[in-house]
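Good morning, everyone. Please look at the screen, where the sequence and the structure will appear together.

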Amino acid sequence: VGVLKRGKSGPTSINAPTDDLNFENAKIVIDTTAAGDGFNGAYLAALLTGDPQDVAMMQGHDLARRIVGFQGAILPP
């Protein structure tokens, strides 16, 4: 199991093609600090709780997409 992050194009599986997945782009990009870490955390958490890889990639991308809309590495509450 592995994934290649591709920014606004969304992640792709390195084990099996996932071209049929659609990833929403960030509406506003303010700061990319921690976007990769956020992706990794959400992706791995999803896998470790039993979600399939496509769901894990979606969750990782969604968190990273939210993170880039704010200044700094921490999302507001």
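Which residues of helix 1 are buried? Before I answer, please keep in mind that this is a predicted model. The buried residues of helix 1 are Ala 35, Gly 38, Phe 39, Ala 42, Tyr 43 and Ala 46. Around the axis they cover an arc of only 125°, so they sit on the same side of helix 1. On the other side of helix 1 we find Asp 37 and Leu 48, which are exposed.

What do the buried residues of helix 1 pack against? Their partners are strand 1, residues 3–4, and helix 2, residues 53–67. As for its dimensions, helix 1 has 14 residues, and from its first C-alpha to its last it reaches 20 Å. That is close to the 20 Å expected at 1.5 Å a residue.

Let us now consider the two ends of this helix. Ala 34 belongs to the loop between strand 2, residues 12–13, and helix 1, residues 35–48. Although Ala 34 is not a glycine, it has a positive phi of about 75°. For context, most residues other than glycine have a negative phi. Just after helix 1 comes Gly 50, and this glycine takes a positive phi of about 100°.

I turn next to strand 2, where Ser 13 lies. Is Ser 13 buried or exposed? Its relative accessible area is 9%, and because buried means under 20%, Ser 13 counts as buried. What does the side chain of Ser 13 contact? It makes a polar contact with the side chain of Gln 53, at 3.5 Å. In addition, a polar atom of the Ser 13 side chain lies 3.1 Å from the backbone nitrogen of Asn 15.

My last topic is charge pairing. How many salt bridges does the structure hold? There are three.

One of them is formed by Glu 24 and Lys 27, whose closest N and O atoms are 2.7 Å apart. Glu 24 is partly exposed, with a relative accessible area of 40%, whereas Lys 27 is exposed, at 72% relative accessibility.

Another salt bridge joins Arg 65 to Glu 24, with 3.9 Å between the closest N and O atoms. This pair links distant parts of the chain, for Arg 65 is in helix 2 and Glu 24 is in the loop between strand 2 and helix 1, 41 residues apart. Arg 65 is partly exposed, with a relative accessible area of 22%.

There is also a salt bridge between Asp 62 and Arg 65, and here the closest N and O atoms are 3.5 Å apart. Why are Asp 62 and Arg 65 separated by about one helical turn? The reason is that they are three residues apart in helix 2. Asp 62 is partly exposed, at 25% relative accessibility.

Which residues do these salt bridges join into one network? Through shared partners, they join Glu 24, Lys 27, Asp 62 and Arg 65.

To conclude, I would ask you to retain two points. The buried residues of helix 1 lie on the same side of it, because they cover an arc of only 125°. Salt bridges that share partners bring Glu 24, Lys 27, Asp 62 and Arg 65 into one network. Thank you for your attention.

How values were computed: Residues numbered from 1 in each chain as written. Predicted model: local features only at pLDDT ≥ 70, side-chain atom pairs only at ≥ 80, totals over all residues. Heavy atoms only, no water. Helix = DSSP H or I, 4+ residues; strand = E, 2+ residues; numbered from the N terminus. Buried < 20%, exposed > 50% of the residue type's maximum accessible area, 1.4 Å probe, protein only. Polar contact = N/O pair within 3.5 Å; in protein donor to acceptor, adjacent residues only side chain to side chain. Expected span 1.5 Å × (residues − 1). Arc of directions from axis to C-beta. Contact = heavy atoms within 4.5 Å. Salt bridge = Lys/Arg side-chain N within 4 Å of Asp/Glu carboxyl O.
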